[in-house]
Amino acid sequence: MALHARIQHDVESRIVSGQWPPGTRIPFEHELTTEYQCSRMTVNKALSELVKKGLIERRRKSGSYVRQPEVLSAVLDIHQLEREVRALGLDYSFRLLRRTERQATDEDRQRLVIDQHASVLHLESLHIAGQRPFCLEDRLINLDEVPHAAQADFSAIAPGSWLLEQVPWSAAEHRINAVAADRHAADILDLKEIAPCLVIARRTWNATGSVTQVRLTYPGDMHTLVAQFAPAGRGA
């Protein structure tokens, strides 16, 4: 492996593993030339490749810093959080924080748009990118529509991935809001209370009824929504 490639690999590994989290200043070029006993040109080549990959940014007279990863997702897509994280070049993991099966409460019925006799499964999960909290998932599953969800092991597979594999859906609705983190979300996402967050609330249903409703809460600096569209007519 060429020396510039080894330097690039070493720095990238520290970023991807979470050893150097976003905002970390990486060693100055002259420090890296000393560490690797090489020319400044070799170090510059390695860092330039990391800039192209979006892993670091250079600040004039200040040095190079680990960039905040940013997810780009289409507004109308139903995407998997694992794919979002791996697209950033980061290791993905998740933890099931809470699982409750119950008769639907008033709030459950409003979220799922179901009648008062339905049973629901309430799941709360944390999705992790590298070593940093990435997204808090709060999900309701309508057990009248998806009864086998009651036996699913959601400690082994994320609920969203399981649903996409197991349950056909015919329509979806997205609602997107900017919110201030409450104490619960702030504690789980390792944020300050009232820190800005992006919440994507999505409900999916099939021909016979509502399947699931989920609230995905992202730290505000970690997610960007993208919509692509074309004009309806010939005008600009």
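These questions and answers concern a predicted model. Local features need pLDDT of at least 70, side-chain atom pairs count only at pLDDT 80 or more, and totals for chains, interfaces and linings use all residues. Residues are numbered from 1 along each chain as its sequence is written, and side-chain values use heavy atoms, leaving out hydrogens and water.

Visitor: Does the span between the end C-alpha atoms of α3 agree or disagree with 1.5 Å a residue, and what is that span?
Guide: Helix α3 covers residues 40-52 (helices are DSSP runs of H or I, at least four residues; strands are runs of E, at least two; both are numbered from the N terminus). The expected span is 1.5 Å times one less than the number of residues. For the 13 residues of α3 this gives 18 Å, and the end C-alpha atoms agree, being apart by 18 Å.

Visitor: Why are the buried residues of α3 on the same side?
Guide: Thr42, Val43, Ala46, Leu47 and Leu50 of α3 are buried (under 20% relative accessible area; exposed is over 50%, partly exposed in between; 1.4 Å probe, protein chains only). An α-helix has 3.6 residues a turn, so residues three or four places apart point the same way. The buried residues of α3 share a side because their arc around the axis (directions from the helix axis to the C-beta atoms) is only 125°.

Visitor: Which exposed residues does the face of α3 turned away from its buried side carry?
Guide: The buried residues pack against α1, α2, β1 and β2 (contact means heavy atoms within 4.5 Å). On the face turned away, the exposed residues are Arg40, Met41 and Lys52.
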